[in-house]
Amino acid sequence: MKNQKWILLFIIALSLVAMGIIVSHKDTLQLGLDLKGGTRLTLEAQPTADVKKITPVVMESLQSVIERRVNSLGIGESVVQRTGQSRLIVEIPGVKSPEEAKKRLGRVGKLEFKTFQVNPDFSQSSAIKPLDAEPVPPEPQYLWQNTGLSGKDFQKADISTKQNGDWVVAFQLTSAGAKKFAELTQKLAPKRERLGIFFDDLQVSAPVVNEPILDGNGMIEGNFTKETAKDLVNTLNAGALPVDIEIIEENTVGPLLGQASIKQSLFAGLLGLSLVLVFMAVYYRLMGLIAGAALLVYSALTIAAFILVGVTFTLAGIAGFILSIGMAVDANILIFERTKEELRDGRKHWKAIEVGFDRAFPSIFDSNMTTIITCALLWIMGTGPVKGFALTLAIGVGISMFSAITVTRTFLYAANTQITEKKPLPAT
């Protein structure tokens with residue numbers, strides 16, 4: 001009983017936190033292209049010296065990189081689809097400026113490491129001027145030279161900060177890249193030479209190598225803001241474009257449904273939820289009211305989870321959430337029917353609740369796990385709205401198991417403490 005009281009307090013506290021998250025983020029919810037609008041771009045792949053013909057394999061690789069750039073977490077509901085032999089249509093919700101979208105997509109994503117070499121003909125010097133404020137040898141007799149270490153040796157990047165608060169990009173190389181990096185820094189460290197770090201042929205950093213770096217971990221420093229550092233991290237993690245791209249069409253897309261449809265969708269969802277609560281209360285009486293309270297807790301926890309994860313709300317995502325509500329109700333019905341059977345067999349209400357939950361759990365677990373497996377397949381194989389539907393449904397199903405097994409049971413125990421043996425918990 002003491003444990004149940006602590007669990008009840010935990011559920012109440014968790015619900016209050018969830019409501020706080022919802023209220024504080026109600027004006028900053030991320031809406032999809034169908035509800036909020038955004039930017040649509042048409043891209044055309046261009047042959048290069050290395051890739052002289054645009055084949056389906058090249059377009060598949062290009063589409064994959066673009067998808068990772070515009071939707072790195074898979075929750076942004078961006079759409080990237082092929083049209084014709086060499087074109088992609090990209091739709092990015094919430095991005096009202098085509099320039100911002102082009103900046104995100106158009107970067108080549110080429111990372112290079114270079115060192116200084118003597119310019120054999122410095123009268124015709126074409127030395128690259130550094131972009132950052134760090135002092136570098138200004139003499140025209142020096143040029144940057146490729147080291148052979150590039151983005152092909154790159155494994156992953158992450159945003160970080162230095163002790164003084166400046167934003168930097170931390171990166172990790174592959175095992176082969178780490179070996180190359182170790183050899184390179186071992187050569188530069190004795191003379192404290194600079195290592196130029198270039199991204200898309202622009203110098204972003206030129207740190208002095210004070211000591212060899214043997215573990216393959218490095219840091220890109222520059223005049224970064226949090227946004228520019230994050231943008232660089234996303235582009236590096238997405239990978240380099242296999243070919244050049246040309247933006248042949250750009251426009252801003254208005255919401256397909258608009259605010260009126262959003263209100264209608266919310267009204268329909270609330271009406272459906274209300275009807276379910278009324279049915280549960282009429283058919284199961286006190287247990288139905290308890291299930292209704294658990295369902296409200298479930299809804300608050302799920303919406304708060306969507307906000308924390310950063311889910312973009314579209315009609316497909318909303319459909320996944322509503323479907324998970326139905327599964328949460330279904331779990332409660334299984335539990336209540338099992339409990340009713342135990343009550344009819346003469347068990348006392350305390351024992352009937354325990355046995356009802358225990359016998360219903362395998363069915364609830366199996367049905368929810370099959371749904372989560374389906375969501376995982378949709379997530380892996382789907383794109384855009386399909387991924388959004390899979391994500392919202394999977395989150396909802398996961399929380400519904402907690403709601404049905406823990407929240408409903410705790411509420412039933414709390415209600416049962418107020419009921420004596422002479423007045424057992426109503427079962428029908």
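Where along the chain does R192 lie? In this predicted model, R192 is found in the loop that runs between α5 (175-188) and β8 (196-199). The backbone there does something a little out of the ordinary. Most residues other than glycine have a negative phi. R192, though, has a phi near 50°, a positive value in a residue other than glycine. With a relative accessible area of 54%, R192 is exposed, because exposed means over 50%.

R285 makes a good companion case. Its phi is positive as well, at about 55°, although R285 is not a glycine. R285 sits in the loop between α7 (258-284) and α8 (286-309). Its relative accessibility comes to 43%, so R285 counts as partly exposed.

Now for the chain as a whole. The secondary structure adds up to 11 helices and 11 strands. Of the 428 residues in the chain, 43% are buried. The contacts have a long reach along the sequence: taking those between residues at least 6 apart, 74% join residues at least 24 apart.

Some of that reach shows up in the aromatic side chains. A search of the whole structure turns up 9 aromatic pairs. One of them is formed by W144 and F198, an edge-to-face pair with 5.3 Å from centre to centre and 75° between the planes. W144 belongs to strand β5 (residues 142-150) and F198 to strand β8, so the pair ties together parts that are 54 residues apart in sequence. Both W144 and F198 are buried.

Another pair brings together Y284 and F336, and this one is tilted, with 5.3 Å between the centres and 55° between the planes. Here too distant parts of the chain are linked, with Y284 in helix α7 and F336 in helix α9, 52 residues apart. Are these two residues buried or exposed? Y284 has a relative accessibility of 2% and counts as buried; F336, at 0%, counts as buried too. Y284 and F336 also belong to one aromatic cluster, along with F279 and Y283.

Back at F198, the ring has a charged neighbour as well. K114 lies over the face of F198, at 4.5 Å from the ring centre. The strand β4 (residues 111-118) also holds E112, which touches F198 too. E112 has a relative accessibility of 13%, so this residue counts as buried. Leaving aside residues up to four places away in sequence, E112 touches N146, L149, S150, G196, I197, F198 and D201.

Strand β5, the home of W144, also contains G148. W144 is buried, whereas G148 is exposed, with a relative accessible area of 53%. Which residues does G148 touch, not counting those up to four places away in sequence? They are D153 and K180. The C-alpha atoms of G148 and L184 are separated by 9.9 Å, with the two residues 36 apart along the chain.

Helix α5, which comes before the loop of R192, includes K187. At 66% relative accessibility, K187 counts as exposed. K187 and P212 are 25 residues apart along the chain, and their C-alpha atoms are separated by 8.1 Å.

What about empty space inside the model? Rolling a probe the size of a water molecule over the atoms shows where empty space is left. Across the whole structure, the search finds 1 cavity of 30 Å³ or more. The largest cavity has a volume of about 30 Å³. Which residues line the largest cavity? The lining is made of V276, L277, M280, A291, G292, L295, V329 and N332. The helices α7, α8 and α9 (315-344) each supply at least two residues of this lining. By character, the lining residues divide into 6 nonpolar, 2 polar and no charged.

Two of these helices have already come up with the aromatic residues: the tilted pair has Y284 in helix α7 and F336 in helix α9. R285, with its positive phi, lies in the loop between α7 and α8, and both of these helices supply residues to the lining of the largest cavity.

Technical notes
Residues numbered from 1 in each chain as written. Predicted model: local features only at pLDDT ≥ 70, side-chain atom pairs only at ≥ 80, totals over all residues. Heavy atoms only, no water. Helix = DSSP H or I, 4+ residues; strand = E, 2+ residues; numbered from the N terminus. Buried < 20%, exposed > 50% of the residue type's maximum accessible area, 1.4 Å probe, protein only. 1 Å grid on protein atoms, 1.4 Å probe; cavity = no way out; pocket = protein on both sides within 12 Å on 5 of 7 lines; lining within 4 Å. Points joined across faces, edges and corners; volume = space filled by probe spheres on them. Nonpolar A, V, L, I, M, F, W, Y, C, P; charged D, E, K, R; others polar. Phe/Tyr/Trp six-rings, centres within 6.5 Å; stacked < 30°, edge-to-face > 60°. Lys NZ or Arg CZ within 6 Å of the ring centre and 35° of its normal. Contact = heavy atoms within 4.5 Å.
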